[in-house]
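User: Please take a close look at one part of this structure and explain how it relates to its surroundings. A single connected account is preferred to a list.

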Amino acid sequence: MKVTFEKYNPLWTTAFKALEAELKVYLNEFDVQIEHIGSTSVKGLSAKPIIDILIGLKNPENLDNIPALLMAQDYIYYENYNTDMPYRRFFVKLNQSPGKLGLPVHITTLANVPEELHNHKWRLAHIHILPLASEHWNRHIAFREYLRNHAVVREEYQVLKEKLSTQEWIDGNDYNAAKDSFIKREEQKAVQWYNAPKVKKEE
């Protein structure tokens, strides 16, 4: 598969806000913070037209109370990722009902992933749920803010994504692995920058 990118579209923010409102209803019994992350959250950056959403839980004990609620609303739960990332619960929102497409809402093993889900054309959003007070939450927010505030790094990331878009990939995970060294390097810088004491300007 090839990964298709689109130029930055302000409608991505509109799509995030609609999904945020929906998720707040579904998760209203929990104390959550919802953020738009990933390339679609960075003005001027090309991206796959899939909205990345980060949900922070103030009470980590509620992490395993979430899957049943979201699966009931047609969010596909990738339980197979829990082994490698036990602190996170990952979901995919499609632009159609999984049932209409003949797809499951619960992915338990890699072998259980239907071929259709390897193709991103059905995907509307990726939802990452993890504890709010965690290094993982901080890392995602820091990287977003770093890209928004550092034009040179943003342009370097853009060039890399354009190059990778010309290549063939097994699936989204294969593509993500190709970006891994750049992201890990820049995430370290982003976290240091984001957590550094900010000097207040005098009035």
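Analyst: **Strand β6 and its surroundings**

F91 stands opposite I127 in β6. This pairing is a convenient point of entry to the part examined here, strand β6 and what surrounds it. The model is a predicted one, and the statements below describe that model.

F91 belongs to one side of the arrangement: β4 and β6 run antiparallel and are joined by six bridges. On another strand, I53 also stands opposite I127 in β6. The two strands concerned, β2 and β6, pair in the parallel sense over seven bridges. I127 is thus matched with F91 and with I53, through an antiparallel pairing in the case of β4 and a parallel one in the case of β2.

These pairings belong to an open sheet of six strands, whose order is β1-β2-β6-β4-β3-β5 and whose pairing is mixed. The strands β1 (32-37) and β5 stand at the edges; each has a single partner strand, so one side of each is left without a neighbour in the sheet. In the stated order, β6 lies between β2 and β4. Eight of the nine residues of β6 are buried, so this strand is largely enclosed by the rest of the structure.

What, then, does I127 touch, not counting residues up to four places away in sequence? Its contacts are L23, I53, I55, Y75, R89, F90, F91 and K93. I53 and F91 therefore appear both as residues opposite I127 and as contacts of it, because contact requires only heavy atoms within 4.5 Å.

The setting of I127 is the largest nonpolar core, which has 22 residues; I53, I127 and I129 are those with the most contacts inside it. The elements giving two or more residues to this core are α1 (11-26), β2 (51-57), α2 (66-71), β3 (75-78) and β6 (123-131). A second core, separate from this one, has 13 residues, among them A142, Y146, L160 and L164. In soluble globular proteins, nonpolar side chains tend to be buried together.

Two members of the second core, A142 and Y146, are also among the buried residues of α4, a group that includes H136, W137, N138 and F143 as well. The geometry of helix α4 (residues 135-149) can be checked: at 1.5 Å a residue its 15 residues should span 21 Å, and the end C-alpha atoms are 21 Å apart, which agrees.

To return to the sheet, strand β3 follows β4 in the stated order. β3 and strand β4 (residues 89-94) pair in the antiparallel sense over three bridges, and the bridge partner of Y77 in β4 is F91. F91 is accordingly matched with Y77 as well as with I127. β3 also pairs with strand β5 (residues 106-107), here in the parallel sense and over two bridges. Across this pairing, Y77 stands opposite H106, while Y78 stands opposite I107.

How are the side chains of β3 disposed? Y75 and Y77 point one way, I76 and Y78 the other way, and all are buried. In a regular strand the side chains alternate between the two faces of the sheet.

Y75, one of the contacts of I127, also takes part in an aromatic pair. A search of the whole structure finds nine such pairs. That of Y26 and Y75 is edge-to-face, with 6.2 Å from centre to centre and 80° between the planes. Y26 lies in helix α1 and Y75 in strand β3, so the pair ties together parts that are 49 residues apart in sequence. Are the two rings' residues buried or exposed? Y75 is buried, with a relative accessible area of 0%, whereas Y26 is partly exposed, at 22%. The cut-off for burial is under 20% relative accessible area, so Y26 falls outside the buried class.

F90, another contact of I127, forms one aromatic cluster with Y78 and Y81. Y78 is also the residue that stands opposite I107 in β5.

Two loops complete the account. In the loop between β2 and α2 is N62, which is buried at a relative accessible area of 18% and touches F30 and L57, not counting residues up to four places away in sequence. The loop between β4 and β5 holds G99, which counts as exposed at 56% relative accessibility. G99 and D74 are 25 residues apart in sequence and 8.1 Å apart in space, C-alpha to C-alpha.

How values were computed: Residues numbered from 1 in each chain as written. Predicted model: local features only at pLDDT ≥ 70, side-chain atom pairs only at ≥ 80, totals over all residues. Heavy atoms only, no water. Core = buried A, V, L, I, M, F, W, Y, C linked by side-chain atoms within 4.5 Å. Buried < 20%, exposed > 50% of the residue type's maximum accessible area, 1.4 Å probe, protein only. Helix = DSSP H or I, 4+ residues; strand = E, 2+ residues; numbered from the N terminus. Phe/Tyr/Trp six-rings, centres within 6.5 Å; stacked < 30°, edge-to-face > 60°. Expected span 1.5 Å × (residues − 1). Pairing = 2+ DSSP bridges.
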